[in-house]
Each structure stands twice: as C-alpha cells, then as structure tokens.
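This report describes the fold and the charged side chains of a single chain. The sequence and the structure are shown first.

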Amino acid sequence: MTSNTSPSLAAALAAGTVVLDGGMSNQLEAAGHDLSDELWSARLLAERPEAVTEAHLAYFRAGAEVAITASYQATFEGFAKRGISRAEGTRLLGLSVALARQAARQAQEEGVDRPLWVAASVGPYGAMLADGSEYRGRYRLSVEELERFHWPRLEVLAEAAPDVLALETVPDAEEAAALLRAVRGLGVPAWLSYTVDGRHTRAGQPLEEAFALAADVDEVIAVGVNCCAPEDVANAVETATRVTGKPVVVYPNSGEAWDAEARAWAGRTTFSAEQVKAWRDAGARLIGGCCRVGPAAITSMARALDVA
C-alpha cells in the first residue's frame, strides 16, 4: 500500500470495484523500448528501470488503482541464461516491486487522490521457456516440480512486501495447484488468474475444476482470468463466482489476435466499456486489461465503472 491509512486490497474488493492497469509490454513498446528478448519486459528492470516506473505511472494517471509489476518473465532460470547471478536476480525481483511503489508515490504527489496498490506478477513456468508454452500448459512436470520452480521467486517477491501476489496467465490447473501450495505461509495474499479458451483452461481442464482448487485457500483473495479474449470473460466470471464465492479478477486482451508468423497483432479491438460494466454486474470486482490494452482504455474503463 502507499500509505498506512490505505485499506487492504481485500477490504477494497469487499467494498466495491477496483481498477487494474493494462498491458506492461505494450506501454513499454509504445514508449519506444525493444522487448524482442527472452526476458521480455523483465530485461528493462536491469537496463532501464526508469522506463518501468514511467509505464506504471502512465496507468496510475489513467485511472488504474493497482499496478502489476514487470516480474512476469523474471525468473532465476531466465536470468541465469543471460549471465545474471542469483544475487542480482534477487535484487531485480525486489526492484520490480520498488519501482511500482515509486510510481504510486509519484502519482499521489501529482494529485492522484485514491488508494494505490502493487501486485507482484508471478508468471507461469512457460513464460520462462519463452516459447509460447504458457498458452498450452502440459509441461510434463509434476506438481511438486512446479512448486519447487515457483517457490524461490515467490519467497523473494513476498519479502519485497507487495500488497498482493498476482499468480497470472496460468494455463494449467496442475500448475495452479503448485502455485497455491507455494503461496501458503508467505504472509502475502494472492489472486489466481487463468488464461483460458472458452470454458476450459488452455490445457483443457473445465473451469469449474480449475477454480475449485482455490475455493478453500485462505491466501487467495480473488480468482479469475487474464490474457484471453474479452468474449471468454462473462462465462468465467459466472463460473468463478459460483464455484469459489470469492471476488473475481478479470483482465483480458484487447481482442486482437497475435500472428506468430508475421510477429504482429491483427484484427480489431473488441474490448468495450459496456462489456466491462456487464462483467462488474456479474460479479467481477478487480477489472483491467492485458495485452494491447493501454492507458486510454483504462481511463474509459474507470469512467464506465464510476471509479475515475
């Protein structure tokens, strides 16, 4: 939190709707930064940390109340491939939280008069592989092996004292089970967010089963979906609400499709303010955007939700 008088994020979700930020990568690219690297936006933690702060600040200015850190693709294994030591990797993970905090302070110094929170991003195992497998899952690893992979990074991020851990873009219920085991006892709440295809996880499990894993986990303050088509959100909100009874988090992509061969986005945006209001009315409480959703869209969303 940005001040000792701010409510917890869980309390804010119990009271109403909270606006998330949009895509970190598209905001950095819009500012002219090259992210064609296996570390993606995490590379800028080492090379251009001020750019990360500016990206967070753009979203706070636009109406976001929660900043998701640039640690999605930040892992000890990924850093090691680039010759970054474990000690330096630990520093960079902590820095990701500090940069978001810095942006929150600056936003409030500029006159943003609302509580602001920081969510530490924890991407899936496939994000470290940088081969698109986070959109497939099925890594042929056991739940125990996945837990061992995630736990050291979760421990470091928890020590950096974010307001919440964002277990995001999870493609597979087995990986969710590993993450939920790993967050127990860390002392930091979490949300669990799957990437989905219709009524199933990307790995093919029914959403009812996937969401049920988090229903009785006290550390989890919200469950939902991200990095999916806007059209997949409504069913996910209904299912998550019915299965878990917890607040629902949603932050889909713009609706455009990634053309892997052309390495470019194609199609049109289907993300709209009317959809956002429908998601809220169905039970979503933590609402934002993912890929290709920028500050202007977040401003429109905040206004539609009467949060701005």
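## An exposed salt bridge

In this predicted model, Asp281 has a relative accessible area of 59% and is therefore exposed, since the cut-off for that class is over 50%. Asp281 forms a salt bridge with Arg280, and the closest N and O atoms of the two are 3.2 Å apart.

## Salt bridges between separate parts of the chain

The structure holds 13 salt bridges in total. One of them pairs Asp172 with Arg138, with 2.9 Å between the closest N and O atoms. Asp172 is located in the loop between strand S4 (164-170) and helix H9 (173-183), while Arg138 is located in the loop between helix H7 (125-129) and helix H8 (143-159); the pair therefore ties together parts that lie 34 residues apart in sequence. The two partners are also described by their accessibility: Asp172 is buried, at a relative accessible area of 3%, whereas Arg138 is partly exposed, at 43%. Arg138 and Asp172 are further linked with Glu174 in a network of salt bridges.

A salt bridge also joins Glu147 and Arg181, whose closest N and O atoms are 3.0 Å apart. Because Glu147 lies in helix H8 and Arg181 in helix H9, this pair ties together parts 34 residues apart in sequence. Arg181 has a relative accessibility of 37% and counts as partly exposed.

## Overall fold and dimensions

The secondary structure of the chain consists of 13 helices and 12 strands. The C-alpha trace spans about 45 × 45 × 45 Å along its principal axes. For 308 residues, a compact globule would be expected to have a radius of gyration near 19 Å, and the value of 17 Å for the chain agrees with this.

Contacts in the chain can also be described by sequence separation. Of those with a separation of 6 or more, 76% are between residues 24 or more positions apart.

## Burial, surface and charge

Of the 308 residues in the chain, 57% are buried. The accessible surface of the chain amounts to about 12,200 Å², and carbon and sulfur atoms contribute 47% of this area.

The chain carries 28 positive and 41 negative charges. How far apart are the mean positions of the positive and negative charges? The two mean positions are separated by 1 Å.

Methods:
Residues numbered from 1 in each chain as written. Predicted model: local features only at pLDDT ≥ 70, side-chain atom pairs only at ≥ 80, totals over all residues. Heavy atoms only, no water. Helix = DSSP H or I, 4+ residues; strand = E, 2+ residues; numbered from the N terminus. Rg over C-alpha atoms; globule rule 2.2 N^0.38 Å. Buried < 20%, exposed > 50% of the residue type's maximum accessible area, 1.4 Å probe, protein only. Contact = heavy atoms within 4.5 Å. Areas by Shrake-Rupley, 256 points an atom, 1.4 Å probe, with all protein chains shown as cover. Lys, Arg positive; Asp, Glu negative; His and termini not counted. Charge placed at Lys NZ, Arg CZ, Asp CG, Glu CD. Salt bridge = Lys/Arg side-chain N within 4 Å of Asp/Glu carboxyl O.
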